[in-house]
Amino acid sequence: MTVPSTVLIIGATRGLGLALAREWLQRGWNVIATVRSSRQCELCETAEKSAGRLAIEHLEMTDAAAIAALKQRLSRVELDLLFVNAAIANGPGDRVDRMSTEEFTRIMVTNALSPMRAVEALGPLVRRGGTIAVMSSSLGSVALNETGGWEVYRASKAALNTLMRSYAARHAEDGRGLALVDPGWVRTDMGGSDATLGVEESIPGVVDALAARHGQPGLRYFNYKSETVPW
Ligand code: NDP
């Protein structure tokens, strides 16, 4: 009998994180998924129907002590995949010249510093040959930024990408795959109703693209169609 693989998803209450949890459950994985609050918890309903294969943990990702506590709670778990999904945005009109220092800091701390803290703390729970993945965006690509818009969100994802490159350089010998994932432009609370893709068009592709690279060490930046995204 083969042992099911285990994934930990950070930020799975709604949108792409919720869909990722459901997709891996459907593919027979054990899923540990984090929420900030149990209010209106769609994931809790999924957990009730999962025959124990979906466990819910609580995490406010910007709280470093909470990340350390989660690591402690999961210290006996061996992960095949860590997927850090959580992030915030404040829309296409986000411009650096109109943003307060507090809002700039909030976006950078949530989208760049906190995912890296999660990777640093929880990455060691991933077995050798497993994968540490972080949700990036094509908007994080410096090379593809011809149009502007989403200025600070873009900068936060570009910072995240660069921090992952530094992490990869520091962990070159540790035998884990590293992934920065662009899910495409998807209709969620963040992506909005004009987005070109439904969750059901993006997420199976994201999971397939990760599966295709599973066990390959080194950092890759790719999208839901499994295409490489330029840095
Ligand atoms: P949503 O806004 O729909 O969901 C965001 C998720 O992140 C929620 O589960 C939210 O939890 C969680 N989250 C936000 N901040 C924190 C925090 N501080 N601590 C813990 N959890 C937090 O976004 P999407 O599903 O659209 O996006 C998911 C990921 O995909 C993000 O990284 C986003 O940048 C990326 N992405 C999305 C695209 C799109 O078109 N939708 C395009 C490219 C990238 P809560 O419910 O508690 O707020």
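Biologist: How many disulfides does the structure hold?

Modeller: This is a predicted model, and it holds one disulfide. The bond joins Cys41 to Cys44, with an S to S distance of 2.1 Å.

Biologist: What is the handedness of the disulfide between Cys41 and Cys44?

Modeller: Handedness is read from the torsion about the S-S bond. For Cys41 and Cys44 that torsion is about 85°, so the disulfide is right-handed.

Biologist: Is Cys41 buried or exposed?

Modeller: Burial is judged by relative accessible area, with under 20% counting as buried. Cys41 has 9% relative accessibility and therefore counts as buried. Its partner Cys44, at 22%, is partly exposed.

Biologist: Let us turn to the ligand. Which residues are closest to the ligand?

Modeller: The ligand is surrounded by 28 residues, of which Thr13, Arg36, Asn85, Tyr153 and Thr188 are the closest. By character, the shell divides into 13 nonpolar, ten polar and five charged residues.

Biologist: Which polar side-chain atom lies 2.7 Å from a nitrogen atom of the ligand?

Modeller: That atom belongs to Glu60. Ligand oxygen atoms also have partners: one is 2.7 Å from a side-chain N or O atom of Arg14, and an oxygen atom of the ligand lies 2.5 Å from a side-chain N or O atom of Thr188.

Biologist: How much of the ligand's accessible area does the protein cover?

Modeller: On its own, the ligand has 900 Å² of accessible area, and the protein covers 92% of that.

Biologist: Which elements give two or more residues to the shell around the ligand?

Modeller: They are helix 1 (15-26) and helix 5 (151-170).

Technical notes
Residues numbered from 1 in each chain as written. Predicted model: local features only at pLDDT ≥ 70, side-chain atom pairs only at ≥ 80, totals over all residues. Heavy atoms only, no water. Disulfide = S-S within 2.5 Å. Buried < 20%, exposed > 50% of the residue type's maximum accessible area, 1.4 Å probe, protein only. Near = heavy atom within 4 Å. Polar contact = N/O pair within 3.5 Å; in protein donor to acceptor, adjacent residues only side chain to side chain. Areas by Shrake-Rupley, 256 points an atom, 1.4 Å probe, with all protein chains shown as cover. Helix = DSSP H or I, 4+ residues; strand = E, 2+ residues; numbered from the N terminus. Nonpolar A, V, L, I, M, F, W, Y, C, P; charged D, E, K, R; others polar.
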